[in-house]
Amino acid sequence: MIKKRHEKNNLINETSTVSRHAWLTLAILSGTLLTVFFSETMLLPAIPDIITEFNISYGTAAWIFSAYLIVAAVMTPVAGRLSDLYGKKKVLLTMLGIYIGGLVVGGFADNIVLLLISRVIQGVGLAAIPAAFSLLRDTFPPAKLSIAVGVFGSAYSAGSVIGLLVGASIIQFFGWHATFLAIVPFSAVVTMLIIRFVKEGNTIEDKSTLKNIQIPKSETKNRTLSIDLKGVLSLSATISFFLIALTIIQIGINIDNLQQIVGAFAISAISLAFFVTIERRMKNPFVNLKLLKDKILLPSYILLISTGITMFMIYPTIVQLVRSPIPLGFGGSSVDAANVQLPFMIGFLVFASITPFIINRIGGVRPIIIGGIVSLIGTLGLLGFHSTEFSVSVSLAVLASGLSLTMTAAWNLVVSKSPKEYTGISVGVGALLLFIGMAIGPALAGVYMANHETITGIQGSYPSTNSYNLVFLTAGVLSVVTIVFAILLKRTTSRIV
């Protein structure tokens, strides 16, 4: 009896203590995410300069971000699966090396084609996220994993805030090419630190993560499996054509491109059907479809999509609201738009940092319920009070706190509740769905913004008041969806426990 109690105490200590090396690993891996998103927000203020320098249309400029997002969405599950099969650190370093190469190419791009090529290469680098999450899973014990996931996730917001504050100054004094070159030394330092200090290891496994998904014995015995090429290609086609259709919608729907949109969606649907058929027949599939049926993982994935849609539907809407002339907007500049949105990014950063501690106190699901309620309050504030920049900033800060609670807690569930052998691909699927949400958001906002009005004495037309109301109302509906799925998750986890 005493021996069993002693063994139990040792197990508790082993699963709750964190070494200095683990914290160092977290800091280094967080630097990876911070660096990637630092460069993304730095590029935003440069879009008008790029359009002028290369003499391109807004529609062409939209592909500067879409090309990056499409490749990132395609490569993220691929990199996740590769990290499961061939090693997380190896895949992470490969992705970072490709990303640095893309930054260098972007820094010397002298035409739009070369710039788009650089963005494609950089999109491959963003696929490092699943490998980094998997390394955290290896390094931290289950009792402290939520803190690691939260800190790692907050690096996204930190990078966005720093990029927003620093980007405009770099562009003003050194030109937009410097937004790429300035990141190269930081990325190189992070890469060298990973080589030197980050190690792959095994932590004590949380057995509750293995209840619903059976792992093929052939896969547990042989980790150096060949990847399912048919599955990769069919999923890549599904994602690519879906995001291409959304990008065309974002540029603007008209008679000329309507056929392209319908065709792209049709090819995406056919590819998806082909993918599902292949994966069901494969002995060792690229994506284990049981992940998508899991009663904890599936709602978590949906929460990530919902959060991505809301965030990136609100971003362009607020910019348009600030930049549009009075009375349909505030008549502000790009700097004013950044200042209005700054509380959102700061609020997201703050709550991403404290959510792990909230999770440790009240569990992994309740923060999602709270986040959904807070997000709903923020969206109702935007819907009812968006006549001044101050009221918009306040509502954005409230919305950010709710979204941050939801996203951080959802990522914690994805990372901690996935079978360890499938952590990489599970995180990859989560990141893929988040990217898809990020693509749906601007496209949906673009559809709403197509309802234009003219202002007497001012040339051109601008989104109507109803356009903004529809965006904020949709964000409110998504907040309700978040609350519903969080309640379902709460019931599911209560039954499992």
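These notebook entries record what I looked up in this structure, which is a predicted model.

**Entry 1: cavities**

I began with the enclosed spaces. I noted that rolling a probe the size of a water molecule over the atoms shows where empty space is left. The structure contains six cavities of 30 Å³ or more. I then turned to the second largest cavity, whose volume is about 60 Å³. Which elements give two or more residues to its lining? They are α2 (20–43), α6 (112–126) and α7 (129–139). The most comes from α2, which gives three residues.

I listed the lining of the second largest cavity by name: Thr32, Leu33, Val36, Leu96, Gly125, Leu126, Ala128, Ile129, Ala132 and Phe152. By residue class, I recorded eight nonpolar residues, two polar ones and no charged ones in this lining.

**Entry 2: a nonpolar patch on the surface**

Next I looked at the surface. Leu24, Val189, Met192, Leu193 and Phe197 form a nonpolar patch there, and together they have about 400 Å² of accessible area. Which helix gives the most to the nonpolar patch? It is α10 (residues 184–197), with four residues.

From this patch I picked out methionine 192, which is found in helix α10. Methionine 192 counts as exposed because its relative accessibility is 53%, and the cut-off for exposed is over 50%.

**Entry 3: helix α3 and the loop after it**

I then examined isoleucine 51, which is found in helix α3 (residues 47–54). Is isoleucine 51 buried or exposed, or does it fall in between? Its relative accessibility is 21%, so it counts as partly exposed; buried would require under 20%. I also checked its distance to alanine 61: the two residues are ten apart in sequence, and their C-alpha atoms are 6.6 Å apart in space.

The loop between α3 and α4 (58–86) holds asparagine 55. I noted a positive phi of about 55° for asparagine 55, although this residue is not a glycine. With a relative accessible area of 71%, asparagine 55 is exposed.

**Entry 4: a cis peptide bond**

Finally, I looked up the peptide bond between isoleucine 326 and proline 327. This bond is cis, with omega of about 15°. Where is proline 327 found? I placed proline 327 in the loop between α14 (297–323) and α15 (334–362).

Notes
Residues are numbered from 1 along each chain as its sequence is written. This is a predicted model: local features need pLDDT of at least 70, side-chain atom pairs count only at pLDDT 80 or more; totals for chains, interfaces and linings use all residues. Side-chain values use heavy atoms; hydrogens and water are left out. On a 1 Å grid over the protein atoms alone, a cavity is a set of points where a 1.4 Å probe fits but cannot get out, and a pocket is an open set with protein on both sides within 12 Å along at least five of seven lines; lining residues have an atom within 4 Å of a point. Grid points are joined across faces, edges and corners, and a volume is the space filled by probe spheres set on the points. Ala, Val, Leu, Ile, Met, Phe, Trp, Tyr, Cys and Pro count as nonpolar, Asp, Glu, Lys and Arg as charged, and the others, Gly among them, as polar. Buried means under 20% relative accessible area, exposed over 50%, partly exposed in between (1.4 Å probe, protein chains only). Patches are made of residues with over 30% relative accessible area and no salt bridge: like charges are joined within 9 Å, nonpolar side chains (Val, Leu, Ile, Met, Phe, Trp, Tyr) within 5 Å. Accessible areas come from the Shrake-Rupley method with a 1.4 Å probe; for residues, only the protein chains shown count as cover. A salt bridge is a side-chain nitrogen of Lys or Arg within 4 Å of a carboxyl oxygen of Asp or Glu.
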